Amino acid sequence: MNLLLMLLPSLPLVLGTAALAGRLGRNSAGGGVIGTCVVALLVVLLEPSDLHLSWLLLGTTLALDEVSRVLLFCAALLWPAATLAAGGLFEGRDGRRFGMCWLFTLSGNLGMLLSQDLASFYLCFAVMTFSAYGLVVHKANHEAWYAGRIYLILAIGGESLLLAGIFLLAAEAGNPTVADIPQVFAALDRPALAGGLLLTGFAVKMGVIPLHVWLPLAHPAAPVPASAVLSGLLVKGGLIGWLRFLPSDTEPLQLAADILLLLGFAGAFLAALAGCLQQRPKTVLAYSTISQMGLLTVPVALLLGGRLDPVTAMPVIALFAGHHVLAKGALFLAVDHWPGARWRRLVTVLLALTIAGLPISGGLLAKAALKSTLIEPLPLLVTLSSITTSLLLLRALQRLRETASDQPPPDTLATWSWVILAIAAVSLPWALADGDVRSYAMAASGLIDASWPIALAGLIVLLGARHLRFTIAEGDILAPIERLVRRMLESVNRLRDQLGLERAQAALEQGHRRAADGKDRLLGLLERDLPEQLVTLLLIGLLLLLGILLIAGG
Amino acid sequence: MSLAYQAMPLWVLLSSLLAAAVIFALGEGRPRLRIGINLAAALIKLVLVGIMLLGVRAGHEFIVRLPLMPGIDLVLQADALSMLFISLSALLWLATTIYAIAYLEDSPNRARFFGFFSLCVAATMGIATAGNLFTFFIFYEMLTLATWPLVIHRGTQQAMRAGRGYLCYTLGGGAVLLLGIVLLHGLAGPQDFVAGGTLVERGESHPLVLTLIFALLITGMGVKAALAPLHGWLPTAMVAPAPVSALLHAVAVVKAGAFGIVRVVYDVYGIELTQALGMAEVLAIAASVTIIYGSLRAIWQTDLKRRLAYSTVSQVSYIALGVALANPLASIGGLVHLVHQGLMKITLFFCAGCYAETHGIHSIDELDGIGRRMPWTTAMFTLGALGMIGLPPLAGFISKWYLGLGAVAAGQLWVIGVLLASTVLNAIYFLPILHRAWFRPPKQADDSLAEAPVGLLGPTLFAGFAALAVGLFAGSGWSPLAWVELLVQREYSP
Amino acid sequence: MTEALPVLLVFVPFLAGLGQFVLGRAVPWSQQFVSGFNLLLVLLLLRAVAGGEPVIADLGGWGEPLAIHLQADGLATLMLLLTAVLAVAISLYAIPAFGGHARSAWQFWTLWPLLLGSLNALFLSRDLFNIYVTLELVTLAAIPLVLLAGPRKTVDAALRYLLFALLGSLIYLAGVALLYAQAGTLDLALLPAATPTGSLAGPLAAALIITGILIKGAILPFHIWLPAAHGGAPAAVSAILSALVVKAAIYLLLRLWTGALEPLVSIAAGQLLGLLGASAVLFGSWQAFRQSRLKLVVAYSTVAQLGYMLLFFPMAVTAAWQGAVYHGLAHGVAKAALFLAAGNLLYYLGQDRLEALRGIDRPLAVSLLAFGLAGVSIMGLPPSGGFTAKWLLLTASLQTGQWWWTAALVAGGLLAAGYIFRVLRLAFLQSAEPAERRDGPVPGRLMAWTATALALLAIGLGLISAPLLDLLGDIPGGGS
């Protein structure tokens, strides 16, 4: 039965290979993904025991834990919805490629949720990252290529840091599983170094500022369904990595945890503000993801710093992350639904507001749960962040309205799956949250806490939106950094020209030729003017010499 | 054990030597018969190697000893290390033979090509099974000679220049190697390869001479292993036909050099002595410099095969690096890379050959959109390239994993920096190729499906999936990794 | 029975040559019998000598001072073996090569057995004067052979050869006379004991003898007669000259140095000879590399290769002894193969300019293979006789601490690679335009395969050196 676990990453792989062979149309792609997700739901329900395969890679362990169980459930809802929405992308000239990348990303994503040992987690993480590149650049225009390049640079940088951290860890313990991590860190010579490397490596995926720059570029560049899974599920890879391979409450990681906490809040607010100054709705949504992930970073940082015990933290993290998967995924898919009937727009608005923490929505429960774990004055900050979140999402809705195209809305199947997704987003937290949180959310104080930031944000938008002229480029800090790098590269190239490797080589060759000419002339001279008399003289001289030598020795 | 069974290394050697002789004797006529002989020889060799592999696993001894000069024997033996190299070569020879038959269909001088091709593999078998430095040298030089006609096979001026460069480097290297061997022979008498080395007690009495000899030996081998700055021949030799490049880079020549370095460090000097002489660090630094330098040079190459060639310069030094770090984990990484690099690089060169043969593509910027026309070839190229970068679950990841662990265990954290830099540089020169192939629109209007012929695609798929499988199933008992772990265990606990 | 072998070895070829002469026309097959029989005799002798004792035959049965001894020890037997093997191959090769031209064929089939007999006699002689006579016979048989290529083409070369040979003989003879005046005997075995040391005359005699031999052996700087003569002669003759005739002179030097002249030679003289050898290696190889005609390349290669054998003299240990002699064998076989292969190319092309070789690898694949394989031995790459010799010489140079010879050995090998591959390279080069029409016929199987067989033998010598070196034994007198 636990072989079901193995089926999850491998089934999409087979499908992906079929896609490469050109044997996967849109129907079978949808069918295949739905099938895979049914298996995933089965796994979530049946909770199979751990699967250990020593022959696979460096020894693979697959299992579910508290957070990944929730995320797997959410993934099983989001992936089919996104796949159905992507229908047409599986066909046409680039359909094979898209199908392959899509299914490999799915495989990596599901595998990442399941793998409990370092090597196979890194494997799935990498498969997911590199296949997703194909989704980012799918549109094959300059914008997409640029976004893809930035995505790759950050991804490879992150993977390198991860690899370094992994080496340090694995040198101690071979291929450690999650259960070994505390002992491994206790035994390390440089736990802070290893921990810091892993922390930073995974932070790239989570979009922790200042490593977030790929997100606002990649999301608008990618096709809508790809943005949905990118924002909903891929970024969670960093979260899972943190939770699995960093120990909680370790002295050497204290400083790192504090920095992470700071960056988390900074991300939550700054990204929201930067997002408000964006033009395209998908970019705004991408900034929303950065902001939300900033909030999600907070409990993780507290967990690492030992200020929160895992028993209380894990359910909260699972709840918040799961809600974000569903809501943000659905919201991205909504970009295609917006031009359609009015009810579609209503659902979209609802989705936006649930992320902002609308009373009785799942989003409120997620934020409430988050707040319940925090110590003062952090809950206040979370409440304040609701204002910026609301602002950001209102901005997104505004831009959606202003830029809407007149494409036909997605087909029935895609629509229904989207609606299911939206319902799940609103209701799932109710199933997961504990009683305290539920009663807080239903209580008057909770409702007020939830309502006033949204109201305030609405007011600000009504008053201020018209006066907003100022915008910043997508990827905010990227532009200046890029200018700097470009200038550095130019100087390197200039240096290269000045050093003149090519010229040196040419000069060397010329020197060779000259030497050869001179040699020929010399030899010619020798040969012409070496008459036989000279040889005869030499001969006699040698004879004498020999004799003398022999005398000397004899 | 019967004598014939014990003499298995000799039969393995002869299987391709005889094939070469018969092919030469047949001449240009009767291509069908020649193809039959070629394939039969490759298959027979594979079977023999398989038998030998089982035998070595079961602890049987395979050794043939023929007196050659007074006091000097020609020794062919199969130990675990030989088997690593020999299995790789035998397997890839079969793939390359099939590929070459398809690649050279209807081109002139095929008898000459396949004759020297077989000879080349015979020399490789000799190198793999050589039981002492003298025997090693014999086959090492034979390899040089047998490869030259392959490098210049096209007979163009450019090929001739490449051939001349190849000869200058390798014969010079051979001369240096010979000096080292003669000196060693004078100092210590005939020495068979023995795990742990045989020179330990002499290390104290003659440290200086031994250091000099070590330098000579490594320089001699380093030419073939393309250690910078001795790598100059390799990028120019890429003018050879694709199967030859595959042979040079993956199966025979470069590997022979790397294998020689492994032999010298493990079985002549022994790790302890190498470290005591301070040569392990020198070798590690030389390898690291080569790794970085090769990758840097690769970035600026616009010709596909040239870029791959510089990549080889960089990748092969992983083997030397692993050996030089002198601890079990790094050794596993280095040795297993002997196989892994071979599989990945042969995939890449096969793909380059497919591109060249099917659509006349040589330069990287002609690759735009080729993934649409040749999805399978491009998929295999992707596997090879990602493996070179060191992404799981491909072969390169396993090598890098153990090298990294070894570096940490040896306390040489700077090596991690080298590995990471290499990863990033590999990404810098491979990913743009993948990007072009998959995501750029093709330059020509015609972008219908046009895959390479089966004879080319089959071996490419085989090699690509093998590169995947050895990584994916590294943990299983029959993977190269398992074999290397066994081997290293023996080496470190004599 | 075994005592008769040396005698038969001398007289059978002589009689065959005379018979041929008397008959007045070419009978190629008879020579096949002679060379075959010669080989058989040498093999029998080999079996006898392998026991460890030299085989001695007295001619005429006179008493000690007047007796003519024919004596075969390890060294002599090896040289005889080389000669016999090459004789078989070259005789076979000569059948098609001299087939058409009646007159030159008759001359060849007359002179060749005479030369063979003289060589055998030279190797078996144990007396300075007899050696002089046989050396002279060898020369006198060799020079007309050079002329067989057509008098007009080679008459200059032959005349120069003659002049140098005579000069060498005269100097040698002067030395012999001087020595006889001192010691009162010319028997090699008796000389060391009889030679008075300390006076000027003894060393002077030795110097004269050595110089005479150097001239005959075409050692730098006396090599200037060799390239034209060896390059101009017909291929079979070139093979004989390069592989055997000059080698006979070096053989003599080795024999005298370690035997009769041992009390008279000094370390400095050895070094000087070594220097000459090393210079010959470098200069000859370099010249070979620069030639534009194929046979001159091979001829200059001979100049270079003979130099290796001289490296024995400064080192004078067993390894060097074995190395030098083995080099003689390996070079003999390989060089014969090279010349025969070159002859095949010439036969096909009608000329031997290197440029003309472009792209001829297909019609002449077998001959080129022979050229390449023989080249392996010439370059000293394993596995080949040349490599074994180089290995032994390298070992000797490091053993004696005279590392400077190492440089010459290594550089010589690399330069040799240079000139061999220069030829092969051209042969493999494909020209864009269609191949030219050639005049010559493709050489027959006999011509192609004798060259290849010799080349394979040159390779094989690397694998069977142990018994041959056993037969040769250690350096006579245990070295200095």
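**Two domains of chain C and a shared core**

In this predicted model, chain C falls into domain 1 (1-126) and domain 2 (127-478), with bounds taken from an automatic or database domain assignment. Residues are numbered from 1 along each chain as its sequence is written, while chains are lettered from A in the order in which they are written. Local features need pLDDT of at least 70 and side-chain atom pairs count only at pLDDT 80 or more, whereas totals for chains, interfaces and linings use all residues.

The C-alpha centres of the two domains of chain C are 21 Å apart. Their contact draws 34 residues from domain 1 and 43 residues from domain 2; two residues are in contact if their C-beta atoms, placed from the backbone, lie within 7 Å. On the domain 1 side, the elements giving two or more residues are β2 (68-72), α3 (74-97) and α4 (102-124) of chain C. Here helices (H or I, at least four residues) and strands (E, at least two) are DSSP runs, numbered from the N terminus. Helix α3(C) supplies the largest share of this side, 16 residues.

Next comes the largest nonpolar core, a set of buried Ala, Val, Leu, Ile, Met, Phe, Trp, Tyr and Cys residues joined through C-beta atoms within 7 Å, where buried means that 20 or more other C-beta atoms lie within 10 Å of a residue's own. Of its 620 residues, A:Ala75, A:Leu78, C:Ala337 and C:Ala458 touch the most other members. Helix α14 (residues 318-349) of chain C gives the most to this core, with 20 residues. Both domains of chain C give residues to the core, so it lies between them.

Methods. A residue is buried if 20 or more other C-beta atoms lie within 10 Å of its own, exposed if 12 or fewer, and partly exposed in between; C-beta atoms are placed from the backbone.
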